[in-house]
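User: I would like a close look at one part of this structure, the metal site and the helix that helps to hold it. Please explain it step by step, and set it in its surroundings.

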Amino acid sequence: MTVRPLVILPDAQLRLISEPVSAVTEEIRTLARDMIETMYDAPGVGLAAIQIGVAKRVVTIDTSKDENAKNPTVYLNPEIVWSSEEKRVYDEGCLSIPEFYGEVERPDRVRVRYMTLDGETVEQEADGLLATCLQHEIDHLNGVLFIDHLSKLKRDRVMKKFTKAAKRDAA
Ligand code: K1U
Ligand code: ZN
């Protein structure tokens with residue numbers, strides 16, 4: 001397993017629309033293993049493949065609280081098939097936008113359909129942090145970042161800060 005480097009704002013890869021996974025190959029299994037390793041190393045509770053520069057519809061999530069009982073789930077081609085009317089606000093972070101947080105309102109509960117690494121299509125209903133995380137990661141697959149849910153003023157500020165930092169790092 002390999003910890004792969006994270007793609008950081010304002011890298012244009014974060015705006016790509018990721019391609020569906022057509023079959024569970026050895027390449028997909030290795031990608032999923034590396035994503036889990038990278039997610040734990042960050043540390044984070046979720047990761048989309050584009051955050052390590054792979055434009056495929058693969059997501060890993062582990063929102064379990066117990067450090068010693070790791071329980072990662074791999075979601076291939078995840079899609080939201082139902083969302084609750086009730087909303088919840090969560091102070092979200094993103095491994096591609098380090099040390100920046102912002103309150104985002106999203107549906108409180110969702111039902112997600114996805115393919116497992118065994119090639120099976122299943123559905124899962126989620127609430128709380130898992131529901132928030134699934135929506136955040138599925139946004140990544142569509143080139144959407146949590147800052148897109150904030151005001152233009154906040155988004156412009158964070159874009160400016162990270163663009164400046166990237167220029168400084170490149171010099
Ligand atoms: O997609 C990502 O960038 C991962 C992101 C997922 C996420 C977190 C919170 C709300 C929505 C989506 C993160 O994991 S940010 C880091 C984080 O939340 C965390 C890190 C260590 C322990 C617990 C949480
Ligand atoms: Zn993110």
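Analyst: What follows starts at the zinc ion, moves to helix H2, and then goes outward to the sheet and the cores.

The model is predicted, and the description should be read with that in mind.

The zinc ion (ligand 2) has as its protein donors Cys-94 through SG, His-136 through NE2 and His-140 through NE2. These donors lie 2.1 to 2.3 Å from the zinc ion. Along the chain, the donors of the zinc ion follow the spacing C-x41-H-x3-H. The site links distant parts of the chain: Cys-94 sits in the loop between strand S4 (87-92) and strand S5 (102-107), while His-140 sits in helix H2, and the pair is 46 residues apart. As a general rule, an α-helix has 3.6 residues a turn, so residues three or four places apart point the same way. That rule is worth keeping in mind when reading the last part of the spacing, H-x3-H.

Is His-140 buried or exposed? His-140 counts as buried because its relative accessible area is 1%, and the cut-off for buried is under 20%. Cys-94 is buried as well. Leaving aside neighbours within four places in sequence, His-140 is in contact with Leu-16, Ala-48, Ile-50, Gln-51, Cys-94 and Leu-145. For a distance across the model, take His-140 and Arg-4: they are 136 residues apart in sequence and 17 Å apart in space, C-alpha to C-alpha.

Now to the helix itself. Helix H2 has 14 residues and reaches 21 Å from its first C-alpha to its last, close to the 20 Å expected at 1.5 Å a residue. Of those 14 residues, 13 are buried, so helix H2 is largely enclosed by the rest of the structure. After helix H2 comes Gly-143, which has a positive phi, near 75°.

The next step is the sheet. An open sheet of 5 strands has the order S1-S2-S3-S6-S7, with antiparallel pairing. Its edge strands are strand S1 (46-48) and strand S7 (121-127), each of which pairs on one side only. From one strand to the next, the twist averages 40°. In general, strands of a sheet pair through backbone hydrogen bonds, either parallel or antiparallel.

Two of the pairings can be followed in detail. Strand S2 (residues 58-61) and strand S3 (residues 73-83) run antiparallel and are joined by 4 bridges. One residue to look for here is Ile-61, whose bridge partner in S3 is Thr-73. Helix H2 (residues 128-141) packs on the sheet, touching S1, S2, S3, strand S6 (109-115) and S7, and its direction makes about 125° with that of S7. The other pairing is that of S6 and S7, which is antiparallel over 7 bridges. There, Arg-113 has Glu-123 in S7 as its bridge partner. S6 and S7 form a hairpin with 5 residues between them, and Gly-119 in the turn has a positive phi of about 85°.

Helix H1 is the other helix to consider. It has 16 residues and reaches 22 Å from its first C-alpha to its last, close to the 22 Å expected at 1.5 Å a residue. The buried residues of H1 are Ile-28, Leu-31, Ala-32, Asp-34, Met-35, Ile-36, Thr-38 and Met-39. Among the elements that cover them are S1, S2 and S3.

Last come the nonpolar cores. The largest nonpolar core has 16 residues, and those with the most contacts inside it are Leu-31, Met-35 and Val-58. H1 and S3 are the elements that give two or more residues to this core, and H1 gives the most, with 6 residues. Leu-31 touches Arg-4, Ala-49, Ile-52, Val-54 and Val-58, not counting residues up to four places away in sequence. Apart from the largest core lies another, of 15 residues, among them Ile-61, Ala-126, Cys-133 and Ile-138.

To return to the starting point, His-140 has its place in helix H2, and is one of the protein donors of the zinc ion.

Technical notes
Residues numbered from 1 in each chain as written. Chains lettered and ligands numbered in written order. Predicted model: local features only at pLDDT ≥ 70, side-chain atom pairs only at ≥ 80, totals over all residues. Heavy atoms only, no water. Pairing = 2+ DSSP bridges. Axes fitted to C-alpha atoms, helices over the stretch in contact; angles between N-to-C directions. Contact = heavy atoms within 4.5 Å. Donors = N, O, S within 2.8 Å, 3.2 Å for Na, K, Ca; no water. Buried < 20%, exposed > 50% of the residue type's maximum accessible area, 1.4 Å probe, protein only. Core = buried A, V, L, I, M, F, W, Y, C linked by side-chain atoms within 4.5 Å. Expected span 1.5 Å × (residues − 1).
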